[in-house]
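Hello,

Here is the structure I said I would pass on. Please have a look, then read my notes below.

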Amino acid sequence: MVSAKDIAAAVRDPEMPMLTLDDLGVLRDVRESSAGTVEVTITPTYSGCPAMATIRDDLTRSLQEHGYQVQINTQLVPAWSSDWITANGRRKLREYGYSVPGPAPVRRLGPVPLTLIAAPRRIHCPRCGSDATQLVSEFGATLCKAQYRCLKCLEPFDHVKEI
Ligand SMILES: [Zn+2]
């Protein structure tokens with residue numbers, strides 16, 4: 001018998017499908033009540049991330065297929081941080097040719113302004129390891145990735161942003 005927590009943890013991120021919600025650190029709580037109802041609490045990676053609607057639908061469908069009634073709650077505080085991506089998640093990102101996020105910027109208490117400005121980063125090419133890399137675009141295929149190019153092997157690659 002697969003637990004509701006295992007089912008929810010195995011749901012994949014639509015933007016980076018090699019990562020499960022567990023790898024991403026998006027899943028905050030999965031609570032099974034006796035009546036076959038599951039309450040899932042998630043924290044979105046970015047406010048306004050369009051993938052969150054898909055994640056909610058996928059979570060609901062996966063759990064319903066196993067006979068659960070589903071309620072999904074969104075928890076915005078504390079805000080998700082790229083530091084929550086697990087070691088396993090980082091390994092998978094590297095395997096798929098992504099540059100993994102460094103330590104997230106330190107947060108101040110109180111309201112957190114969402115700034116998606118280009119912070120200077122020292123990025124290594126995930127293919128050849130060279131640090132001679134160049135930012136091509138602060139917004140790659142999705143908001144959470146920046147696009148870089150390696151000046152040594154000339155390969156383009158995505159960097160998952162620190163947040
Ligand atoms: Zn390279």
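Which exposed residues does the face of H3 turned away from its buried side carry? They are Ala 53, Arg 61, Gln 64 and Glu 65. Exposed means 12 or fewer other C-beta atoms within 10 Å of a residue's own, buried means 20 or more, and partly exposed is in between, with C-beta atoms placed from the backbone. Helices (H or I, at least four residues) and strands (E, at least two) are DSSP runs, numbered from the N terminus.

Two points on the source. This is a predicted model, where local features need pLDDT of at least 70, side-chain atom pairs count only at pLDDT 80 or more, and totals for chains, interfaces and linings use all residues. Residues are numbered from 1 along each chain as its sequence is written.

More on H3. The helix has 15 residues and reaches 21 Å from first C-alpha to last, close to the 21 Å expected (1.5 Å times one less than the number of residues). Its buried residues are Ile 55, Leu 59 and Leu 63. They sit on the same side of H3, because they cover an arc of only 50 degrees around the axis (taken from the directions from the helix axis to the C-beta atoms). H1, H2, S2 and S3 are among what covers them. Just after H3, Gly 67 has a positive phi of about 85 degrees.

Next, the cores. A nonpolar core is a set of buried Ala, Val, Leu, Ile, Met, Phe, Trp, Tyr and Cys residues joined through C-beta atoms within 7 Å. The largest has 19 residues, and Ala 8 and Leu 21 touch the most other members. H1 (4-9), H2 (21-24), S1 (27-32), S2 (37-42) and H3 (51-65) each give two or more residues to this core. Apart from it lies another core, of 6 residues, including Tyr 148 and Phe 157.

Then the sheet. Three strands form an open antiparallel sheet in the order S4-S5-S6; strands pair if DSSP finds at least two bridges between them. S4 (133-137) and S6 (156-160) are at the edges with a single partner strand each, so one side of each has no neighbour in the sheet. S4 pairs with S5 (145-150) over 4 bridges. Thr 133 has Cys 150 as its bridge partner in S5.

Last, the loops. Val 77 and Pro 78 are joined by a cis peptide bond, with omega about -5 degrees. Pro 78 is in the loop between S3 (69-74) and H4 (87-95). Leu 154 lies in the loop between S5 and S6. Its phi is positive, near 65 degrees. Leu 154 counts as exposed because it has 10 C-beta neighbours inside 10 Å.

Best wishes

Notes: Contact = placed C-beta atoms within 7 Å.
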